[in-house]
Amino acid sequence: FAASCLADHIEMMGLAVRGASAPTITRTRRRAHVSAALPDNAVDRRSMLMGSGALLLSSSAPSTLPQLAAAQAAPVMPTAPLPNVPGLEVSRVIKGCWQLSGAHKGDPATDRTSGKAAVEDFDAFVNAGVTTFDAADHYGPAELLIGRYLAQGQPGLRDRLQIMTKVCVFDSVGMATVSRASMDLAVATCAARLGTRPDNVQFYWGSYDIPRYVDAAKYLAEGQAAGNFRALGVTNFDVKRMAQMTDAGVTLASNQLQYSLLDRRPENGMAQFCLDRGIALLPYGVLAGGLLSEKYLGAPPSSVKLDTVSKRKYAPVIGEAGGFEWYQRLLRALDGIAKKHDTTISNVAAKWVLDRPGVAGVILGARNASHAADAPVLANLQLDEADKAAISEVLAAGKKPKGDCYQWERGLGPF
């Protein structure tokens, strides 16, 4: 029955599920060292970009000296490995696709979160070296939009990308009756919508009161071993539950979790737990829905419009982290650092997270591609000791978080 339903689903969408082969990489030069965990065969993304604005190492490469100099000066997006999955790397800036769910339209003048515009914008990110996309089974049409982009792309595009999605078990019946078949069907449905085998399936469980999440993780691991997807990760679990999974023999590749200057709960044990087990951290909420940006520097509380789901999600975190006046102090400190490096508040805030131990890549959602070209600039930004000290001083003046990851959101503990 499950197979029949899936076949109907694939036929309805006209998408063929095709496996993603591991990318064939030709080294052009060794890139700058960005993490102690990165291997010697690190990728120079410049040779892998495609599209009208990309540099290709072929007869179409810049032929004049000024063009060549400009191309060589352009920052290159570095990558980082998922240590528990040999051969799988992610771009250190990851395109988050929650913004394509339909609930993040915001200002109509800048909205490109749906339809043809959303599909077209993927090229700008790929051209900037952002080759990892993160979606989920409940992000509205996000998986379908990625599938449309892949189907319309040039030959070889898929092999240059890393496609991540999530399988989320929310309802009580689904949790109580979870099985290998139900997990296989969930993954296959994601693959059908994406039009490809996912590189990383990240698992979420709705309620610890129905304690079958270890069973579900084991079923997913069996599907991974069968070749249904390359890597198994989790999202929004705490240390206790992740330990139960790993103790049961489940190898986890990644942990997608909320981590920012406003939310340092991963430092209460989670980061070290993952480091000890080779589980890469993939932080989201890094810019708190855009609240960590110049737009809100010096802004009175009354002027902050919570016009997207992400802003409404992250605004309460400001109160937990130190309050609005403290938040403005943080923005002023970030602004000083940004001016020193000729960059932006958002880049400084994101780089602080990217530099934390165990972080492979940061997930940045975008409603349009206006800042796509800035991604490699962010990834290559170097914060010096004075910058870090200035940030630490502000953090020390705020509230130190007490809880584990996502316990506050589940109503199970303090922030």
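Two strands count as paired here if DSSP finds at least two bridges between them. Keep that in mind as you click through this predicted model.

**Stop one: the sheet**

Switch to cartoon view and pick out the strands. Eight of them make an open sheet, in the order β9-β8-β7-β6-β5-β4-β3-β10, with parallel pairing. At the edges sit β9 and β10 (362-365), each pairing on one side only. Going from one strand to the next, the twist averages 30°.

For a look at the β9 edge, select residues 254-258, which are β8. Five bridges join β8 to β9, and the two run parallel. Show Q256 as well: its bridge partner in β9 is L282.

**Stop two: strand β6**

Now go to residues 200-205, strand β6. What are its neighbours doing? On one side, β5 (residues 162-169) pairs with β6 in the parallel sense over six bridges; C168 has Y204 as its bridge partner in β6. β6 is also joined to β7 by four bridges, again running parallel, and here F203 has V234 as its bridge partner in β7.

Colour by accessibility and β6 turns out mostly covered, with six of its six residues buried. Both faces are covered: N200, Q202 and Y204 are buried on one side, and V201, F203 and W205 are buried on the other.

**Stop three: over the top with α7**

Select residues 213-225 next. This is helix α7, which packs on the sheet and touches β6 and β7. The helix direction makes about 165° with that of β6. Follow the chain through β6, α7 and β7, and you trace a right-handed β-α-β unit.

**Stop four: the rings**

Show the aromatic side chains. The structure holds 14 aromatic pairs. One of them is F203 with F237: the ring centres are 5.4 Å apart and the planes are at 40°, so this pair is tilted. F203 belongs to strand β6 and F237 to the loop between β7 (231-235) and α8 (239-247), so the pair ties together parts that are 34 residues apart in sequence.

Are these two residues buried or exposed? The cut-off for buried is under 20% relative accessible area. F203 has 1%, so F203 is buried; F237, also at 1%, counts as buried.

Widen the selection to F203, W205, Y208, Y213 and F237, which ring pairs link into a cluster. While Y208 is on screen, add R410: it lies over the face of Y208, at 4.1 Å from the ring centre. For another charge over a ring, jump to K95, which lies over the face of F125 at 4.3 Å from the ring centre.

**Stop five: two backbone oddities**

Time for some torsions. Most residues other than glycine have a negative phi. Which residue in the loop between β7 and α8 has a positive value? Select N236, which sits in that loop and has a phi near 60°. N236 is buried, with a relative accessible area of 11%.

Then select A288, in the loop between β9 (280-284) and α10 (309-321). Its phi is near 50°, another positive value in a residue other than glycine. A288 is buried too, with a relative accessible area of 1%.

Terms used
Residues numbered from 1 in each chain as written. Predicted model: local features only at pLDDT ≥ 70, side-chain atom pairs only at ≥ 80, totals over all residues. Heavy atoms only, no water. Phe/Tyr/Trp six-rings, centres within 6.5 Å; stacked < 30°, edge-to-face > 60°. Buried < 20%, exposed > 50% of the residue type's maximum accessible area, 1.4 Å probe, protein only. Lys NZ or Arg CZ within 6 Å of the ring centre and 35° of its normal. Axes fitted to C-alpha atoms, helices over the stretch in contact; angles between N-to-C directions. Contact = heavy atoms within 4.5 Å. Right-handed = clockwise from strand over helix to strand, strands pointing away.
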